[in-house]
Amino acid sequence: MKSKHIATLACTVTAICTATLLQAQGLPAASPESVGMSAQKLAHIKQAFVQEIDKGNLPGVVVLVARKGKLVYSETVGFQNKEAGKPLPKDAIFRIYSMTKPLVSVVAMMLIEDGRMQLNDAVSKFIPAEKGLQVSVAKADGEFAKVSYTLVPADREMTVQDLLRHTSGLAYANLTQNAPVKDAYAKGGIDDDPRGLTPAQEIGSFSKSPLAHQPGTVWEYSLSTDMLGRVIEAVSGKRLADLMEERLFGPLEMKDTGFLVPREKMSRLAEALPIDASSGKPNKLWDVSAVPNNDSGGGGGVSTATDYLRFAQMMANGGQLEGKRYLSRTTVELMTSDHLGTCIQAQSPMTPGEILLSTPGYTFGLGFAVRQAAGVAGVAGSAGEFMWGGYAGTYFWIDPKEQLVGVYMTQAPSPIRAYYRKLFKQLVYAAIID
């Protein structure tokens, strides 16, 4: 009887400790079964990623799953720094790269809710240097199989909406096929790490570079959110990092999220493997230890899994968390609707879903990829779910229909990062039992 009592007490203490740990990770805790999920099936997530880490494909991962506003699964496996043999802590800080975009997009929509700008406002209203841009237009020579480019005036100016949905005509130098745009970005210093330029220098470089497409005609993943950051600064009169802290990070208690890692937190910064197992190439990640010359709205952010879960849950709740509202429900619905429709071309293989998950089936809203239907995409999910990821492998998604949020953090800028995103996602959906 005594041993049975001790065992029961031990189980109770373990459950209390587990609940306390989960609570400390940003949301109230619950058992998976209480919200229609299987703990046994969720355990497959750890098993799968332990195998990948043991193979040397990943350094380490933090994964969080919430359903119906409750944190039901939290796991950390692998290394913060494998070379040093340092285990990955649950509060590890990650370079989130393009997962900065949804955060900045939300703050832009806050300014729109404040009445300080509108989606249809021309970017030049706030940044005059962006008026009168030209477009680099490709022309194929059928006889000699060559492509030449000519410059023509833009049919219309890019708008704030174009920046939010990546239809501005801007591009990424490493993704665009438009040679004059690629060359202009290289000359202007915005082809690799745009944080090396001051905001004024970045704006100057953009103003001297042609657009890759006529604004509002083609979806091309781009530096649009970097430009959006400059618009936010012009509208607010504040540095982007300061406004983000004031309007989002501080109120939402995202205490480890920003555009650099302070010295006292550098010991928690996760690192990639020196060599990527898939490509055989060295992994090179941005230095986030110093104040950048500009805050890159498109890729300069750092965060933890817990911080990002709070942001994602706020969006899952229609713009509010713990009784505090950040966006109206209607604004969240607007951001997570299809903003490409049938008039804007998204060229394969550079459609939103193919960039993020190597699968079609996704359109783009205002700062998020949005799933169009239950089918088409080669991964489990629901129509209306929205998501994005980052260059170093990070990923999150929000499924309003299933009341589900998943956050996956790693530092693995591998060509096969989409594989791990889909692996995590399919194992989470497989655990739904209600």
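In the predicted model, the buried residues of helix 7 pack against four other helices, namely helix 3, helix 4 (160–165), helix 6 (199–207) and helix 8 (240–249). Helix 7 is itself mostly covered, with 12 of its 13 residues buried; among them are the nonpolar residues M227, L228, V231, I232 and V235, together with the charged residues D226, R230 and E233. The geometry of helix 7 (residues 224–236) agrees with expectation, because a rise of 1.5 Å a residue should give its 13 residues a span of 18 Å, and its end C-alpha atoms are 18 Å apart. Helix 7 is followed by G237, for which phi is positive, near 75 degrees.

Helix 3, one of the packing partners of helix 7, is likewise described as mostly covered, 13 of its 14 residues being buried. The expected span of helix 3 at 1.5 Å a residue is 20 Å for its 14 residues, and this agrees with the separation of its end C-alpha atoms, which is also 20 Å. Just after helix 3, a positive phi of about 80 degrees is taken by G115.

Helix 3 (residues 100–113) also gives the most to the largest nonpolar core, to which it contributes nine residues. This core has 119 residues, of which M37, F49, L248, F311 and M315 touch the most other members. When residues up to four places away in sequence are not counted, the contacts of M37 are P32, L42, V65, R67, V72, L404, V428, A431, I432 and I433. In soluble globular proteins, nonpolar side chains tend to be buried together.

Open and enclosed spaces were examined next. The largest pocket holds about 930 Å³ of space, and of the 36 residues that line this pocket, N174, L175, Y221, Y391 and R417 are the closest to its centre. Helix 11 (352–357), strand 14 (386–389) and helix 12 (417–430) each supply at least two residues of the lining of the largest pocket, and helix 12 gives the most, with four residues. Divided by class, the lining of the largest pocket comprises 19 nonpolar, nine polar and eight charged residues.

The count of cavities of 30 Å³ or more comes to one, and the largest cavity has a volume of about 30 Å³. The residues that line the largest cavity are R95, I96, Y97, W286, V288, G299, G300 and G301, of which strand 4 (residues 94–97) supplies the largest share, three residues. By class, the lining of the largest cavity divides into four nonpolar residues, three polar residues and one charged residue.

Positive phi values also occur in residues other than glycine. E322, which is not a glycine, has a positive phi of about 55 degrees and lies in the loop between strand 9 (320–321) and strand 10 (324–325). With a relative accessible area of 55%, E322 is over the 50% cut-off and is therefore classed as exposed. V376, also a residue other than glycine, has a positive phi near 75 degrees and is placed in the loop between strand 13 (369–371) and strand 14. The relative accessible area of V376 is 64%, so V376 is likewise exposed.

Notes: Residues are numbered from 1 along each chain as its sequence is written. This is a predicted model: local features need pLDDT of at least 70, side-chain atom pairs count only at pLDDT 80 or more; totals for chains, interfaces and linings use all residues. Side-chain values use heavy atoms; hydrogens and water are left out. A nonpolar core is a set of buried Ala, Val, Leu, Ile, Met, Phe, Trp, Tyr and Cys residues joined through side-chain atoms within 4.5 Å. Buried means under 20% relative accessible area, exposed over 50%, partly exposed in between (1.4 Å probe, protein chains only). Contact means heavy atoms within 4.5 Å. The expected span of a helix is 1.5 Å times one less than its number of residues. On a 1 Å grid over the protein atoms alone, a cavity is a set of points where a 1.4 Å probe fits but cannot get out, and a pocket is an open set with protein on both sides within 12 Å along at least five of seven lines; lining residues have an atom within 4 Å of a point. Grid points are joined across faces, edges and corners, and a volume is the space filled by probe spheres set on the points.
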